[in-house]
Amino acid sequence: MARSSEPRRQATLASIAAELKVSRTTVSNAYNRPDQLSPELRERVLQAAKRRGYAGPDPVARSLRTRKAGAIGLLLTEALSYSFRDPAAMSFLAGLAESCEAAGQGLLLIPAGAERDDVQAAAVVQQAGVDGFVVYSVADDDPYLAAVRERHLPIVVCDQPRNIPEAALVAIDDRGAMKMLAAHLISQGHEHLAVLCMRLGRDRRDGVVPPGRLADSHFHVQRERIAGVQAAMIDAGLDPDILTVVERFDHTVRSGHSAAAQALQANRETTALLCTTDVIALGALNFARVSGIDVPGQLSVTGFDGISDAIRENLTTVRQDAEEKGRRAGKLVLSSSHSGIVAAETLPTELFRGRTAGPPPKQPPAIA
């Protein structure tokens, strides 16, 4: 028998319901609320849909009807490729994904990047189909952040910035934690300290930081960690103006290596390098190794974060739970009770006394 030349009509939710003599709600529930159906009925609906080539309710139509996208947007300060290499960012992402998964929500990654412009930012953020945003450690002048605020959706900031009054916050006491670490070094006799930090602004700069740039920094976390070192020096009767601060735009081990060399060149009396992240500290340790500088015999090096590579190196550092940060941020942005309530959660930190910090040497390390 000749086949009809008429194209086969595409199956719809209504046609599946009519074929099975059930309501359209029943067919919808088979996909979206399976607990509302008996296993036998749900299987009958799914088999009929498979036979007719029906893939399920249209997610776009559902989104328009419910005004819910079923996903959370994560605004990152870096390119995606970097975020999947950075240990702290990966831990945070794992915790956030866990919260989203538990709530049956998707996760959309939005890389801000330090060198994007306002037009790009507005376009990307406006097109994001999400029900809320988690902002992970971006500058307070980031154009993507401005675009996020214009969406008027729930926002949870992790770490920075701190000047978003309508957003919930999940963070640590960066200044207090770094002050504790610096006080530990000063108590051992160190007076000439240097800080190796991540970028202080969205503009690309590498080098010794002048006082004006530090005061104008758009990255709260870096500014606060440096301020913690200065506070510890003041408490100990040391002049904070003699603190050497070296900035690196790229957050890599290689940047930590070069920053350590520059810090010791800038002040040859330096006996301790306080790094604002473990990644930078691992680079400083690498510099010491290739330069024949004994750590901690000739130079003390400390980090911040407590990533697994740092703990394996027995780096003296501040440990924080980045995964729990992500978990808490996810729960806050997904919580129905969050709407209209600005919450702030400060998570604990601890000093990990590794083997890279000790008393200062009688003579500072000699460098070429």
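A residue is called buried when its relative accessible area is under 20%, exposed when that area is over 50%, and partly exposed in between. The views below are taken from a predicted model.

**View 1. A nonpolar patch on the surface includes phenylalanine 84.** With a relative accessible area of 46%, phenylalanine 84 falls between the two cut-offs and is therefore partly exposed. Phenylalanine 84 is found in the loop that links helix 5 (80-83) to helix 6 (87-102), and together with Leu80 and Met90 it makes a nonpolar surface patch of about 240 Å².

**View 2. Strand 1 is largely enclosed by the rest of the structure.** Strand 1 covers residues 71-76, and six of its six residues are buried, so the strand is largely enclosed. Which residues cover the two sides of strand 1? On one side lie Ala71, Gly73 and Leu75, on the other Ile72, Leu74 and Leu76, and all of these are buried, so that both faces of the strand are covered.

**View 3. Strand 1 is joined by bridges to strand 2 and to strand 3.** Strand 1 and strand 2 (residues 106-111) run parallel and are joined by six bridges, whereas four bridges join strand 1 to strand 3 (residues 133-136), again in a parallel arrangement. Leucine 74 can be followed in both pairings: its bridge partner in strand 2 is leucine 109, and its bridge partner in strand 3 is valine 134.

**View 4. Cis peptide bonds precede proline 161 and proline 296.** Most peptide bonds are trans. The bond from glutamine 160 to proline 161, however, is cis, with omega near 5 degrees, and proline 161 sits in the loop between strand 4 (155-158) and strand 5 (168-172). Valine 295 and proline 296 are likewise joined by a cis peptide bond, with omega about 10 degrees, and proline 296 belongs to the loop between helix 13 (278-290) and strand 10 (300-302).

**View 5. Lysine 21 and aspartate 305 have a positive phi.** Most residues other than glycine have a negative phi. Lysine 21, which is not a glycine, has a positive phi of about 60 degrees and lies in the loop between helix 1 (13-20) and helix 2 (24-32). Aspartate 305, also not a glycine, has a positive phi of about 135 degrees and lies in the loop between strand 10 and helix 14 (308-312). Is each of these residues buried or exposed? Lysine 21 has a relative accessible area of 76% and is exposed, while aspartate 305, at 12% relative accessibility, counts as buried.

Conventions: Residues numbered from 1 in each chain as written. Predicted model: local features only at pLDDT ≥ 70, side-chain atom pairs only at ≥ 80, totals over all residues. Heavy atoms only, no water. Patch = residues over 30% accessible without salt bridge, like charges linked within 9 Å, V, L, I, M, F, W, Y side chains within 5 Å. Areas by Shrake-Rupley, 256 points an atom, 1.4 Å probe, with all protein chains shown as cover. Salt bridge = Lys/Arg side-chain N within 4 Å of Asp/Glu carboxyl O. Buried < 20%, exposed > 50% of the residue type's maximum accessible area, 1.4 Å probe, protein only. Pairing = 2+ DSSP bridges.
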